[in-house]
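Got your viewer open? Let's take a walk through this chain, one selection at a time.

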Amino acid sequence: SVFIQTDTWGGLELHAVELARALARMGHRVRLVSLGPASRFDELLAAREEPFETCKIPLNAIIGGDSHAAWLAALQPIAGSVAILEKGTYFDGTWAMERAMARCFTRTYWIEQLTTPRVPFRLDWSGRRHFGVLPGLGLWRVRRQQGTWLRSLLPHRVICVSEDVRRSVVEDHGVWRGKVHVVHSGVDAER
């Protein structure tokens, strides 16, 4: 299954559709799963004859909000061997959704399209103060770094479309270098 969280039609969506078509032409049974509100993307897919199945999981249908149990209930009916999550940036998707994908599918892959702005590490002594006196220590930054590292444990591979995206994923988010691979987007010279 190829997952995409979208409400528009653009480069990420085109990449997901072309990936699904290519996998279907190679003989794989492919399902393109659209996560999100009903959109133009879903209308365009419904109007075309495609060599793959389409499926929609509206985010408002996730009963119980963004919890692991809610995502498990939504993903178990379509569980399979491989899940490919098309991501614009590293922070697309949620911890609960990605954990549920890791449980419902034998292997999970992320495709990273864009770099994520790096949060600079600095202590800001002029900002927030506890009890009006003590400066904040910036512990939110440590919590965010731990969260991004934990998320990096979930996929079997992270596929980046450029070296710059790879650098961002490895250096800024702590994903293990051996798990990250670069596959440049292809160009169809016939078009």
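Two strands pair if DSSP finds at least two bridges between them. Helices (H or I, at least four residues) and strands (E, at least two) are DSSP runs, numbered from the N terminus. What you have on screen is a predicted model, where local features need pLDDT of at least 70, side-chain atom pairs count only at pLDDT 80 or more, and totals for chains, interfaces and linings use all residues. Residues are numbered from 1 along each chain as its sequence is written, and side-chain values use heavy atoms, with hydrogens and water left out.

**Stop 1: the whole chain**

Show everything as a cartoon. You should find 6 helices and 9 strands. Of the 191 residues in the chain, 40% are buried (buried means under 20% relative accessible area, exposed over 50%, partly exposed in between, with a 1.4 Å probe and protein chains only).

**Stop 2: the sheet**

Now pick out the strands of the open sheet. There are 7 of them, in the order β3-β2-β1-β4-β5-β8-β9, and the pairing is parallel. At the edges sit β3 and β9 (180-182), each pairing on one side only. On average, neighbouring strands here are turned by 25 degrees against each other, direction ignored (axes are lines fitted to C-alpha atoms, for helices over the stretch in contact, and angles run from 0 to 180 degrees between N-to-C directions).

**Stop 3: strand β2 and its neighbours**

Select residues 31-35, which form β2. Is this strand enclosed or not, and why? All 5 of its 5 residues are buried, so β2 is largely enclosed by the rest of the structure. Look at both faces: Arg31, Val33 and Leu35 are buried on one side, Leu32 and Ser34 on the other.

Next, add residues 2-5, strand β1, which pairs with β2 in the parallel sense over 4 bridges. Click Val2 and you can find its bridge partner, Leu32, in β2. Then add residues 53-57: this is β3, running parallel to β2 and joined to it by 5 bridges. There, Ile57 stands opposite Leu35.

Go back to β1 and add β4 (residues 80-87); these two pair in the parallel sense over 3 bridges. Which residue of β4 stands opposite Ile4? Glu86 does.

**Stop 4: two helices that cross**

Select α3 (residues 68-75) and α4 (residues 95-104), whose axes come within 8 Å and cross at roughly 45 degrees. That makes α3 oblique to α4 (angles under 35 degrees count as roughly parallel, over 145 as roughly antiparallel, 65 to 115 as roughly perpendicular and the rest as oblique). Show side chains: from α3, His68, Trp71, Leu72 and Leu75 meet a group in α4 that includes Ala96, Met97 and Cys104. Now hide α3 and bring back the sheet: α4 lies across β1, β2, β4 and β5 (105-112), running at about 140 degrees to β5.

**Stop 5: Cys104**

Zoom in on Cys104, in helix α4. Buried or exposed? Cys104 is buried, with a relative accessible area of 11%. Leaving aside neighbours within four places in sequence, Cys104 is in contact (heavy atoms within 4.5 Å) with Leu72, Leu75, Gln76, Ala79 and Gly80. Try a distance label to Pro77 too: C-alpha to C-alpha, Cys104 and Pro77 are 9.1 Å apart, though 27 residues separate them in sequence.

**Last stop: helix α6**

Finish with residues 163-173, helix α6, where the buried residues include Val165, Val169 and His173. Just after α6 comes Gly174, whose phi is positive, near 70 degrees.
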